[in-house]
Amino acid sequence: MPAPRLPAQMRAMVGALAVIVLGGCASGAAVAQPTEAPPTPLQVASPAVGGVLPDPRLTPGEVFTGVAAEQVCATGYAGSVRNVLREQYLQVYAEYGLSYPQRPGAYELDHLIPLELGGDNTDLNLWPEPAAPAPGFHQKDELENLLHDRVCSGQLALADAQRGIASDWLGLYRQYLQP
């Protein structure tokens with residue numbers, strides 16, 4: 001059985017590494033060993049939860065400064081502040097090692113902290129969220145709606161909703177919505 005073919009980007013990295021290592025060996029120079037594993041941009045959660053989390057180094061989450069619950073609860077707020085440029089799609093997908101566009105329905109460029117909870121349009125709040133494995137972007141949308149409803153009914157502080165979804169949206173999904 002033939003060995004699986006590596007993606008083009010990985011083949012290029014392996015080739016470049018080989019040149020560096022072989023070049024270093026040929027010149028007698030010491031070759032530094034990596035001290036940590038390469039980043040894993042999309043992190044699969046535990047099998048019990050499923051789903052995928054963004055890389056916190058690329059997407060820690062970001063909110064509009066000074067936004068209040070009264071603002072995000074106003075009808076039409078999220079639409080009035082939505083402003084994600086095509087260049088951001090290209091940049092964010094590339095940072096995650098993905099080409100853009102992807103097959104329809106496979107990913108959406110998602111705001112980690114959703115606009116309806118005061119999330120910003122900056123790249124620090126965007127990531128290519130997959131639909132699968134579940135829970136994926138469809139289920140995160142359900143969680144966003146639930147948290148928005150709780151904030152607007154006074155059951156949950158906006159800052160707590162923002163912190164919770166940015167730090168572990170899958171944990172909140174499991175807590176509130178997963179059967």
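How many helices and how many strands does the protein chain have? In this predicted model, the protein chain contains 6 helices and 4 strands. Read from the N terminus, these elements follow the order α-β-β-α-α-α-β-β-α-α. The chain comprises 179 residues, and 34% of them count as buried. Its accessible surface amounts to about 10,600 Å², with 59% of that area belonging to carbon and sulfur atoms. Among the contacts with a separation of 6 or more, 67% are made by residues 24 or more positions apart.

The nonpolar interior is a convenient place to begin. The largest nonpolar core has 27 residues, and those that touch the most other members are Leu117, Leu143, Leu147, Ile165 and Trp169. Two or more residues of this core are supplied by each of helix 3 (77-81), helix 4 (86-95), strand 4 (126-130), helix 5 (137-152) and helix 6 (158-176). Helix 6 gives the largest share, with 7 residues. The surroundings of Leu117 can be listed in detail: apart from residues up to four places away in sequence, Leu117 touches Val72, Leu147, His148, Val151, Leu158, Ala161 and Gln162. One of these partners, Leu147, also appears among the core residues that touch the most other members.

Strand 4 is among the contributors to this core. Is strand 4 largely enclosed by the rest of the structure or open, and why? Strand 4 is largely enclosed because 5 of its 5 residues are buried. In a regular strand, side chains alternate between the two faces of the sheet. Here both faces are covered, with Leu126, Pro128 and Pro130 buried on one side and Trp127 and Glu129 buried on the other. The pairing partner of strand 4 is strand 3 (residues 107-111), and the two run antiparallel over 5 bridges. Within this pairing, Asp110 has Trp127 as its bridge partner in strand 4.

Strand 3 also holds His111. With a relative accessible area of 6%, His111 falls under the 20% limit and is therefore buried. Which residues does His111 contact, leaving aside its neighbours within four places in sequence? They are Arg82, Val84, Asp120, Asn121, Asn125, Leu126, Lys140 and Glu144. Of these, Leu126 is one of the buried residues of strand 4. Val84 lies 27 residues from His111 in sequence, and the C-alpha to C-alpha distance between the two is 9.8 Å.

Aromatic residues form a further feature. A search of the whole structure finds 4 aromatic pairs. In one pair, the rings of Tyr89 and Tyr100 have centres 5.2 Å apart and planes at 45°, so the arrangement is tilted. Tyr89 belongs to helix 4, whereas Tyr100 sits in the loop between helix 4 and strand 3, 11 residues apart. Both residues are partly exposed: Tyr89 has a relative accessible area of 24%, and Tyr100 one of 30%. Tyr93 and Tyr107 form another pair, which is edge-to-face, with 6.3 Å from centre to centre and 70° between the planes. Because Tyr93 lies in helix 4 and Tyr107 in strand 3, this pair ties together parts that are 14 residues apart in sequence. Tyr93 is buried at 3% relative accessibility, while Tyr107 is partly exposed at 22%. Tyr89, Tyr93, Tyr100 and Tyr107 together form one aromatic cluster.

The last feature is a covalent link. How many disulfides does a search of the whole structure find? The search finds 1 disulfide. This disulfide joins Cys73 to Cys152, with an S to S distance of 2.0 Å. The pair links distant parts of the chain, 79 residues apart: Cys73 is in the loop between helix 2 (69-72) and helix 3, and Cys152 is in helix 5. The angle about the S-S bond is -100°, and the link is left-handed. Are the two cysteines buried or partly exposed? Cys73 counts as partly exposed because its relative accessibility is 29%, and Cys152 is likewise partly exposed, with a relative accessible area of 35%. Helix 5, which holds Cys152, also gives two or more residues to the largest nonpolar core.

Conventions: Residues numbered from 1 in each chain as written. Predicted model: local features only at pLDDT ≥ 70, side-chain atom pairs only at ≥ 80, totals over all residues. Heavy atoms only, no water. Buried < 20%, exposed > 50% of the residue type's maximum accessible area, 1.4 Å probe, protein only. Contact = heavy atoms within 4.5 Å. Areas by Shrake-Rupley, 256 points an atom, 1.4 Å probe, with all protein chains shown as cover. Core = buried A, V, L, I, M, F, W, Y, C linked by side-chain atoms within 4.5 Å. Disulfide = S-S within 2.5 Å. Pairing = 2+ DSSP bridges. Phe/Tyr/Trp six-rings, centres within 6.5 Å; stacked < 30°, edge-to-face > 60°.
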